[in-house]
Amino acid sequence: MFAFLLTLPFISNANISIKTASGTDKEIKIENALNKLIDEYDIKKWLYTSKVLVNEKARVPHSHPVLTMNTARPYLESDIRVLSTFLHEQFHWHVVLNGKGSIDEFRGAIKREFPVVEYKRPMGSGDEGGTLTHLIVCYLEYRAMASLIGEREARALLESNPYYTWIYKTILNQDNHSKLDKLVKALNLTIFNQDKNVKRI
C-alpha cells in the first residue's frame with residue numbers, strides 16, 4: 001500500500017526482536033508473555049514485522065513506526081488479551097505492507113460496503129478513515145483469535161473491549177461476514193492460506 005516502505009526477507013520468526021523501553025518489571029512481564037505466546041500458538045504466519053517494543057509509558061498499544069505494546073492492567077492480567085492485541089497490531093502492518101491500492105482506494109472500498117460509520121470514541125477510532133481501516137484489522141483479529149482459542153472465547157474477549165465498541169459489534173455480526181470476507185480477499189489481506197509472496201519486514 002505504501003511504496004516507500006522497504007521490504008526485506010523476514011529472517012526467521014524465531015528471531016523476532018522484542019525489546020523493553022526501560023526494563024521495568026511490568027515491561028519484562030509483557031515481554032515474557034509475548035515470547036511464551038509466540039511459542040505456544042501457531043502465529044508465526046501472522047508476524048509481519050519482526051521488531052516489537054514493550055513500553056510502560058506508551059498510552060496505548062500501536063503499530064507504527066514500531067509495533068509497541070504497553071503494560072496496562074488488562075495485559076498484565078491476561079496473556080490472551082496480550083495475544084489478541086499483538087495480532088491486532090501485526091494486522092495493521094499486514095494492511096500497510098500487503099493491502100491493495102492507495103489509502104483512499106482502500107478505505108473507499110470499505111466505505112462502499114459500510115457507508116454509515118460510527119467513528120467517535122469509544123465506538124470508533126476517532127475519525128472515519130481510521131475506523132474504516134479498523135473494520136478490516138479488527139475482523140482479521142477476530143478470525144485469527146477464533147482459530148486459536150475458539151469462536152465463543154474470541155467473541156467474548158472482543159465484546160469485552162471498552163474501545164472500538166461499534167467496530168467490534170459490526171465485525172462480530174455474522175450478517176456482515178460475507179461482506180468482510182469479500183473485502184479481505186479483494187484487498188489482498190487473506191490471513192489463511194497466504195501467498196508465499198506476502199511481504200514482511
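Buried means under 20% relative accessible area, exposed means over 50%, and partly exposed is whatever falls in between (1.4 Å probe, protein chains only). By that yardstick Asp181, at 36% relative accessibility, is partly exposed. Keep in mind that this is a predicted model: local features need pLDDT of at least 70, side-chain atom pairs count only at pLDDT 80 or more, and totals for chains, interfaces and linings use all residues. Residues are numbered from 1 along each chain as its sequence is written, and side-chain values use heavy atoms, with hydrogens and water left out.

**Two domains and where they touch**

- The protein chain splits into domain 1 (17-78) and domain 2 (99-187), with bounds that come from an automatic or database domain assignment.
- Taken over C-alpha atoms, the centres of domain 1 and domain 2 sit 22 Å apart.
- On the domain 1 side, 5 residues are in contact with 5 residues of domain 2, contact meaning heavy atoms within 4.5 Å.
- About 350 Å² is buried between domain 1 and domain 2, and carbon and sulfur atoms give 72% of that; buried area here is the accessible area (1.4 Å probe) that two parts lose on being put together, summed over both.
- Tyr41, Trp46 and Tyr75 supply 78% of the area that domain 1 buries against domain 2, more than any other three residues.
- The rule finds 0 salt bridges across the interface of domain 1 and domain 2, where a salt bridge is a side-chain nitrogen of Lys or Arg within 4 Å of a carboxyl oxygen of Asp or Glu.
- By class, the side of domain 1 that touches domain 2 has 4 nonpolar, no polar and 1 charged residues. For that tally, Ala, Val, Leu, Ile, Met, Phe, Trp, Tyr, Cys and Pro count as nonpolar, Asp, Glu, Lys and Arg as charged, and the others, Gly among them, as polar.

**Salt bridges**

- Side chains of opposite charge can pair when their charged atoms come close.
- The structure holds 7 salt bridges, including the three described here.
- Glu77 and Arg73 pair up at 3.9 Å, N to O. They are 4 residues apart in helix H2 (residues 73-77), so about one helical turn separates them. Helices (H or I, at least four residues) and strands (E, at least two) are DSSP runs, numbered from the N terminus.
- Glu77 is exposed at 62% relative accessible area, and Arg73 counts as exposed at 62% too.
- Glu128 forms a salt bridge with Lys111, and their closest N and O atoms are 3.0 Å apart. This pair links distant parts of the chain, with Glu128 in helix H5 (residues 128-149) and Lys111 in helix H4 (residues 103-113), 17 residues apart.
- Glu128 is partly exposed at 32%, and Lys111 is partly exposed at 28%.
- Arg143 and Asp181 meet at 3.7 Å, N to O. Arg143 lies in helix H5 and Asp181 in helix H8 (residues 177-186), so the pair ties together parts that are 38 residues apart in sequence.
- Arg143 is partly exposed, with a relative accessible area of 25%.

**Buried Thr and Ser residues**

- Thr133 lies in helix H5 and is buried at 8% relative accessibility. Leaving aside neighbours within four places in sequence, Thr133 is in contact with His92, Val95, Phe106, Arg107 and Ile110.
- Thr170 sits in helix H7 (residues 165-172) and is buried at 8% relative accessibility. Not counting residues up to four places away in sequence, Thr170 touches Phe114, Leu135 and Asn176.
- Ser63 is in the loop between strand E2 (51-54) and strand E3 (67-69), and is buried at 10%. Leaving aside neighbours within four places in sequence, Ser63 is in contact with Glu89, His92 and Trp93.

**Backbone oddities**

- Most residues other than glycine have a negative phi, and most peptide bonds are trans.
- A cis peptide bond joins His64 and Pro65, with omega about 5°; Pro65 is in the loop between E2 and E3.
- Another cis peptide bond joins Arg121 and Pro122, with omega about 5°; Pro122 is in the loop between H4 and H5.
- Tyr164 is not a glycine, yet its phi is positive, near 55°. Tyr164 is found in the loop between helix H6 (151-159) and H7, and is buried at 15% relative accessibility.
- Asn188 also has a positive phi, about 65°, without being a glycine. Asn188 falls in the segment after H8 and is partly exposed at 47%.
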